[in-house]
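Let's take a walk through this structure together, one piece at a time. Have the sequence and the 3D view ready.

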Amino acid sequence: MITTVTMNAAIDKTYYLPAFPHGKVSRVRQYLAAPGGKGINVAKVAAQLGAEVTASGIVGGMNGEIIKKQLDGMNIAHQFVAVEGESRLCLNIIDEETGSSTELLEPGPVVDNRALDEMEQTMAALARTSKVVCISGSLPAGAPADYYIRLVGAAKKEGAYVILDASGDALRFGLQANPDMIKPNEEEVAALLGTGIRDEQELLRAMEDLLREYRMERVCVSLGGAGSLTVTSQGRYRAVTPPIQVVNTVGCGDSFVAGMAVSLLKQLPAEEGIAMAAAAGTANALSAMAGSVDPDTFRRLLGQVEISRI
């Protein structure tokens, strides 16, 4: 089983407007709504790829109940910790005239020590029956910046393979618990090492430094439309994805993580896992919804991803 953790779960709404002028009333032509947050996106895509998955994390209020009900409708198991306050709404406003995207992200509920302790206990219990645990996204208000040390440590203690997809202090502290895989971007790699990165070779060396320093198995960096780079103890890999007409970029990184998690669940070789991750991320870019991959599209793209050793 795969377990995903979203410490600040959300309802994601995407509004499509013919135009989005400032300071005027705008009528929404079409909108989409779905449970969201990075870990929930991972859960949705992993389920779409045929994996058994349980979504966990923090939810609150009526929005939290809606998130759970929507996951029920997707046949995705869940085990959340409930808190006071309302889970957040995340709005993505698409201006169809310009193609621009404007995001409005609510802060979400404030968590207390009781909720944090319960979440750690829930993490340990789920990790006992999970081969892969994906901990994704930002921490809610009230959680200390080093909280991911506790969650990563709890999951690893139970023998799960842990993917940490976070940024800033949450990632920097979380690394101290030695997750098995991280997926930073180039700027985050530079910030973690306190150095500049001028070219691809320097980026690859920096990824290898992180791999050794924190005793990880994989470090993956997305290059957007240019694919991705992955460093493991066995070598360096480049994934090149086919050119597409991008519909939506939100959730592509989460879909990449989901593809990798499914490959780890299936115990596939590194090259096949990287290809699955790249195909899933690209398939999400062809969907209007974040964290949404059409299985047929995924299979078609999987056959077009090129993996090479560097």
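**The ten-stranded sheet and its neighbours**

A good place to start is an open sheet of 10 strands with mixed pairing, in the order E5-E4-E1-E8-E9-E10-E11-E12-E13-E14. Strands here are DSSP runs of E with at least two residues, helices are runs of H or I with at least four, and both are numbered from the N terminus. Two strands count as paired if DSSP finds at least two bridges between them. At the edges sit strand E5 (77-83) and strand E14 (306-309), each pairing on one side only.

Before going on, a word on the source: this is a predicted model, where local features need pLDDT of at least 70 and side-chain atom pairs count only at pLDDT 80 or more, while totals for chains, interfaces and linings use all residues. Residues are numbered from 1 along each chain as its sequence is written, and side-chain values use heavy atoms, with hydrogens and water left out.

Back to the sheet. Strand E8 (residues 132-136) and strand E9 (residues 161-165) pair in the parallel sense over 5 bridges, and Val132 stands opposite Tyr161 in E9. Further along, E12 pairs with strand E13 (residues 235-240) in the antiparallel sense, again through bridges, 5 of them. A hairpin through 2 residues joins E12 to E13, and Ser228 has Ala239 in E13 as its bridge partner. E13 also pairs with E14, antiparallel over 4 bridges; there, Tyr237 is partnered by Arg309 in E14.

Which helices lie across these strands? Helix H1 lies across strand E1 (2-6), strand E4 (53-60), E5, E8 and E9, running at about 155 degrees to E1. H8 lies across E1, E8, E9, strand E10 (181-182), strand E11 (218-222) and strand E12 (228-232), at about 175 degrees to E9. Contact means heavy atoms within 4.5 Å, and angles run from 0 to 180 degrees between N-to-C directions, with axes being lines fitted to C-alpha atoms (for helices, over the stretch in contact).

**The four-stranded sheet**

There is also an open sheet of 4 strands, ordered E3-E2-E6-E7, with mixed pairing. Its edge strands are E3 (30-36) and E7 (100-105), each pairing on one side only. On average, neighbouring strands of this sheet are turned by 15 degrees against each other, direction ignored. H1 (residues 38-48) turns up here too: it packs on the sheet, touching strand E2 (10-17) and E3, with its direction at about 95 degrees to that of E3. Helix H2 (residues 61-73) packs on the sheet as well, touching E2, E3 and E6, at about 90 degrees to E3.

**Two crossing helices**

Now look at H8 (residues 252-265) and H9 (residues 270-285): their axes come within 7 Å and cross at roughly 145 degrees. The residues in this contact divide into 10 nonpolar, 6 polar and no charged. For that count, Ala, Val, Leu, Ile, Met, Phe, Trp, Tyr, Cys and Pro are nonpolar, Asp, Glu, Lys and Arg are charged, and the others, Gly among them, are polar. Among the residues that meet are Phe256 and Met260 in H8 and Ile274 and Met276 in H9.

**A pocket to finish**

What lines the second largest pocket? Its lining includes Tyr161, Arg218, Thr232, Tyr237 and Ser263, and the full set divides into 5 nonpolar, 5 polar and 2 charged. A pocket is an open set of points, on a 1 Å grid over the protein atoms alone, where a 1.4 Å probe fits, with protein on both sides within 12 Å along at least five of seven lines; lining residues have an atom within 4 Å of a point.
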